[in-house]
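Hi,

Here is the structure I said I would pass on. Have a look at it first, and then read my notes underneath.

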Amino acid sequence: MSRPQMLVVAAALGLAFSQTVLAAPAALAGNPLATASTLPFNYPAFDKIKDEHFAPAFVEGMRIQLKEIEAIANSKAAPSFDNTIVAMEKSGALLTRVQTTFANLQGANTNDKLDAIDSEMSPKLAAHGDAIYLNPKLFARVKSLYDQRDKLKLDAESKHLLERYHTDFVRAGAKLSAADKEKLKALNGAIATLQTSFTQNVLKETNASALIVDSRAELAGMSEAAIDAAAAAAKAKGLDGKFSVAVVNTSGQPPLAELTNRAVREKLMAISLARGSHGGEFDSRELVLKIAKARAEKAALLGYANFAAYSLEDQTAHDTAAVNKLLGELAKPAVNNAKKEAADLQAVVDAGKGGFQVDASDWAFYTDKVRAQRFAFDENQLKPYFELDSVLTNGVFYAANKLYGLSFKERKDLPVYNPDVRVFDVFDADGKQLAIFLADMYARSNKQGGAWMNEYISQASLLGTHSVVANHLNIPKPPAGEPTLLTYDEVKTAFHEFGHALHGMFSNVKYPRFSGTNVPRDFVEYPSQVNEMWAVWPEVLANYARHYKTGAPMPKELLDKVIASKKFNQGFLTTEYLAASLLDQRWHQLTPAQIPTDVLAFEAASLKDMGVDFAPVPPRYRTTYFSHSFSGGYSAGYYAYLWSEKLDADTVEWFKENGGLQRKNGDWFRAKLLSRGGTDDAMNLFRNFRGRDPVIEPLLERRGLTGK
Ligand SMILES: [Zn+2]
């Protein structure tokens, strides 16, 4: 995913830092966040930034930006594009710097202090955003410019920026009455606080939800190293002699593929599925209801039928009907495929005289068995060929070199917030430095689950800035001295996140509001998904997939099996994703009066109603640990991956039609799409690249949903 900022004010405004505020505010004497970093590309001085620097810098950053905004709003000069829109783009330098650094660190390397600052600042930042967007004098200036936009002789990007600002203000409530603006402010503050609580709850609940067992025997099937790690984890919790297996953020849990003891699998699955809804300190049910209600109320206040309608209006999908149609059409064929796959699994169980019906806890285990039978390999055969450094430098970077002429040089002189983080200078084909790239690949208990990309500095020629981007994965760290061997999914994720990184690094725009990945959410996953194609492109794969001990290339038969097996289990994957996407829509297509009182009953009824209530395939996230949906970033927007995938699959066809891994193809994609950020309507960018509207057939083909 591309991680939306936890705290979204500056990101929503697109207010990147400006070079114009050079003097450190007196209130921040000695605070390294007070001025732009003097390191290359304004790379953050992680070695100097301490937790206690954030809160005062937030407060000062908001104060200064508000002064800047008031000066714009109260100006005696007639509104002009420069003195209003450009001035807003340049405002908030300090706040943007604090906020991006904080949000990134809080996602990747948090602690109780940062969590407390997040809780304290979230409602303040929501109020700060409201103070800008709901300032009537400021909106009057924006509106007067907007009304005469065709006469201002603006270039295309500037005109688009003006339109974008007008839309942002209207959607933020600028046209509401004074009384309704006050109601909206209260709701925004409440939503910010609730979302922060939900995010922190989910991480704490996940950390607290480990599977604890008494004997090594119960973990049979897991590797000796993993069992040793479980023993160490139990010891660290004061459970000497026991074993503790951590859970990850999705419903599915990696050890389910390995554990041979069915009762233990069932226990692990039950722990995972119960997260946030079994009582106790981190139960999220009340929070879910409050968030859904507050969002529904906000949408109603702004004149929308529900929160999804409000959210989707600003996306390429545009409305709930379009999203419901796409998801609804795919649900039935996806579940049918999953049922066929379940029958295959059941056949293996029955052949072994198992005497039970396959359920969710059995799925991964027997899928691996079917895969082993049908394709004569299991996932573990691949891992020795997927060593992390080779995947990154000989795979991800190699593909970027072949497609775009990029080259990479690791540097060790810049400070990092964790010793595992690697830093690379990125050079363009002409030898000029383009960006700095951080690779933070390992899992930590203080890191959000999943994988994401974010930016510390965004490119904008208005501000003279270049990209500093980071990729975050959650690869389990091996014991010292052992190689880091990836699963096939982790390899794909590495390519995926680098696709986001390219979108950020290639940004060639004037205004920060449009930099890199500042595009609609249902468009942002598109370039990243396209980049996954190179993970299995023969020339790329041959270059990186080499045995970590012998250097031997991955045998061609193994590779062919990997590719052949890619369509296998698509029924499961599509169904679990659709179930979560549909839940996300259901929760956000309610009016305030329709908000239910029982979270789990509503969830069950929704899944049934939508025909995705197939118990062996639970939603990828259940409601009470569905951070995409309830933490803010992808609320009413989890469908975005599939929407983007339509564009992705069509683009993969384009690359194949045009000769694949070649500079001319990469350069075209970069020129027409990756470099353009949000400077134009997203679908216009696609059409400029592809020469026509997207078609859905490649997506259906890929996911095995053509009914063939
Ligand atoms: Zn992504």
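Before the notes, one bit of vocabulary: a helix here is a DSSP run of H or I with at least four residues, and helices are numbered from the N terminus. Also keep in mind that this is a predicted model.

Let's start with a pair inside one helix. In H13, lysine 325 and glutamate 329 sit four residues apart, so about one helical turn separates them. Their side chains form a salt bridge, at 3.3 Å from N to O. Lysine 325 counts as exposed, with 52% relative accessibility, while glutamate 329 is partly exposed at 47%.

That is one salt bridge out of a longer list: searching the whole structure turns up 44 of them. Two others are worth a look.

Arginine 265 pairs with aspartate 362, and their closest N and O atoms are 2.8 Å apart. The arginine belongs to helix H10 (residues 262-273) and the aspartate to the loop between helix H13 (320-351) and helix H14 (363-375), so this bridge ties together parts that are 97 residues apart in sequence. Are the two partners buried or exposed? Arginine 265 is buried, at 1% relative accessible area, and aspartate 362 is buried too, at 0%.

Then there is glutamate 576 with arginine 620, a salt bridge of 3.0 Å from N to O. Glutamate 576 is in helix H20 (residues 570-588) and arginine 620 is in the loop between helix H21 (599-609) and helix H22 (627-630), so here the parts tied together are 44 residues apart in sequence. Glutamate 576 counts as buried at 6% relative accessibility, whereas arginine 620 is partly exposed at 28%.

Salt bridges also join up into a network, which links Arg164, Asp168, Arg171, Glu313, Asp314 and Arg513.

Now for some helix packing. Two packed helices are described by the angle between their axes and the distance between the axes. For helix H15 (residues 388-404) and helix H16 (residues 488-505), the angle is about 40° and the axes are 11 Å apart. H15 and H16 are therefore oblique to each other, and their crossing is right-handed. Which residues of H15 and H16 meet? On the H15 side they are Val391, Gly395, Val396, Phe397, Ala399, Ala400 and Tyr404, and on the H16 side Val491, Ala494, Phe495, Phe498 and Leu502. Sorted by type, the residues of this contact are eleven nonpolar, one polar and no charged.

Another residue to click on is arginine 690, in helix H25 (residues 682-690). Arginine 690 is buried, with a relative accessible area of 11%. Not counting neighbours within four places in sequence, arginine 690 is in contact with Asp650, Glu653, Trp654 and Glu657.

Last, a couple of backbone oddities. Most residues other than glycine have a negative phi. Asparagine 42, though, has a positive phi of about 60°. Asparagine 42 is in the loop between helix H1 (9-13) and helix H2 (54-73), and counts as buried at 17% relative accessibility. Lysine 153 also has a positive phi, near 55°. Its place is the loop between helix H6 (136-147) and helix H7 (156-172), and at 80% relative accessibility lysine 153 counts as exposed.

Cheers

How values were computed
Residues numbered from 1 in each chain as written. Predicted model: local features only at pLDDT ≥ 70, side-chain atom pairs only at ≥ 80, totals over all residues. Heavy atoms only, no water. Axes fitted to C-alpha atoms, helices over the stretch in contact; angles between N-to-C directions. Helix = DSSP H or I, 4+ residues; strand = E, 2+ residues; numbered from the N terminus. Parallel < 35°, antiparallel > 145°, perpendicular 65-115°, else oblique. Left-handed = near helix turned anticlockwise from the far one by under 90°. Contact = heavy atoms within 4.5 Å. Nonpolar A, V, L, I, M, F, W, Y, C, P; charged D, E, K, R; others polar. Salt bridge = Lys/Arg side-chain N within 4 Å of Asp/Glu carboxyl O. Buried < 20%, exposed > 50% of the residue type's maximum accessible area, 1.4 Å probe, protein only.
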